[in-house]
Amino acid sequence: MKIAFAGLGVMGAPMARHLVNAGHQVVGFNRTPAKAQAWAEAVGARAAATVSEAAQGAELFILCVGNDDDVRAVVTEALPHLAEGAVIVDHTTTSAKLAREMAQAAAEAGRVFIDAPVSGGQAGAENGQLSVMAGGEAEALARVEPALTAYSKAIKHMGPAGSGQLTKMVNQIAIAGVVQGLAEAVHFAQVAGLDTDAVFEAVSKGAAQSWQMDNRWKTAAQGRFDFGFAVDWMRKDLGLVLDEARSNGARLALTALVDQFYAEVQAMGGNRWDTSSLAARLQPKD
């Protein structure tokens, strides 16, 4: 397919690379031109200087940018330049309200917008093993799904526009609670004077097992927090979750509490630490 990809950061760059390696004609755009050019040279593709240039005649336009405002600006600029009937797939984590707004704008322009946030983090993007949760027209998703499989292990249609973003919120709610539980478990083991490696071996094959335990127990116990998804990004996502909850009446006491714990981590200078850094706030203060 003729594809434009906007947002060549730690997630977008490897995702776009997988598309090139799969044989698609990909034009990349990043608001930092040097980053786009470096990506293009590394993968043997072309970089565009503007969103309009990247979108020109594209059948599929993929975004992986920062927030609602970024998505709105990029989609608004791209829409007039895309091929008739083109599909826009947005992998940014945004509000469901924004997804519905963009779906309507795309439809009015004769295009289709799919909100398709991902789970799997930087490692998933690098390895082509992301999970995609998508909202929007099922037929349009099916049309571009073969291209998306270049970097995805699972793609699930969740319902109408906004459903992908709502599902990602569920994902982040679940992660927040699990990571806080992991942080407290590591902290308790240490305070109790236990060998944390031995504790892991004892509990990780039973009901306490989780992805977070398998991948973050040992590093959290060592005070190492440089493994991917950053606290700043998690707080952005939890802010979206809590805004949605205020609208729909969902009761998210634990999520709100963990969000405040992450604020404490930010105050400690841990903005770019990974999400398991909740353990850091439990360590004894000097």
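The lining of the second largest cavity comprises two nonpolar, four polar and two charged residues, where Ala, Val, Leu, Ile, Met, Phe, Trp, Tyr, Cys and Pro count as nonpolar, Asp, Glu, Lys and Arg as charged, and the others, Gly among them, as polar. The lining residues are T93, T94, Q165, K168, M169, Q172, D237 and L240. Helices α8 and α11 each contribute at least two of these residues, and the largest share, four residues, belongs to α8. The volume of the second largest cavity is about 30 Å³. Helices (H or I, at least four residues) and strands (E, at least two) are DSSP runs numbered from the N terminus.

The model is a predicted one, in which local features require pLDDT of at least 70 and side-chain atom pairs count only at pLDDT 80 or more, whereas totals for chains, interfaces and linings use all residues. Residues are numbered from 1 along each chain as its sequence is written, and side-chain values use heavy atoms, with hydrogens and water left out.

Two cavities of 30 Å³ or more are present in the structure. On a 1 Å grid over the protein atoms alone, a cavity is a set of points where a 1.4 Å probe fits but cannot get out, while a pocket is an open set with protein on both sides within 12 Å along at least five of seven lines; lining residues have an atom within 4 Å of a point. Grid points are joined across faces, edges and corners, and a volume is the space filled by probe spheres set on the points. The largest cavity encloses about 50 Å³ and is lined by V10, M11, G121, Q122, G228, F229 and W233. By class, this lining has four nonpolar, three polar and no charged residues.

The largest pocket has a volume of about 1400 Å³. Its lining consists of 50 residues, of which V10, M11, G121, F229 and W233 are the closest to the pocket centre. Elements giving two or more residues to this lining are α4 (68–78), β7 (118–119), α6 (121–127), α8 (163–191), α10 (211–221) and α11 (231–248). Helix α8 provides the largest share, six residues. The lining of the largest pocket divides into 18 nonpolar, 22 polar and 10 charged residues.

In helix α2 (residues 33–43), the buried residues are A36, W39, A40 and V43; buried denotes under 20% relative accessible area, exposed over 50%, and partly exposed in between (1.4 Å probe, protein chains only). Viewed down the axis of α2, these residues fall within an arc of 100° and therefore line one face of the helix, the arc being that of the directions from the helix axis to the C-beta atoms. Exposed residues A34, E41 and A42 occupy the face turned away from the buried side of α2. The cover over the buried residues of α2 includes α1 (12–21), β2 (25–29) and β3 (46–47), with contact defined as heavy atoms within 4.5 Å. G44 follows α2 and has a positive phi, near 75°.

Two aromatic pairs are found in the whole structure. Rings of Phe, Tyr and Trp (its six-membered ring) pair if their centres lie within 6.5 Å; planes under 30 degrees apart count as stacked, over 60 as edge-to-face and the rest as tilted. The ring centres of F225 and W273 are 5.8 Å apart and their planes lie at 35°, so this pair is tilted. Because F225 lies in the loop between α10 and α11 and W273 in the segment after α12 (253–267), the pair ties together parts that are 48 residues apart in sequence. F225 is buried, at 11% relative accessibility, whereas W273 is partly exposed, with a relative accessible area of 27%.
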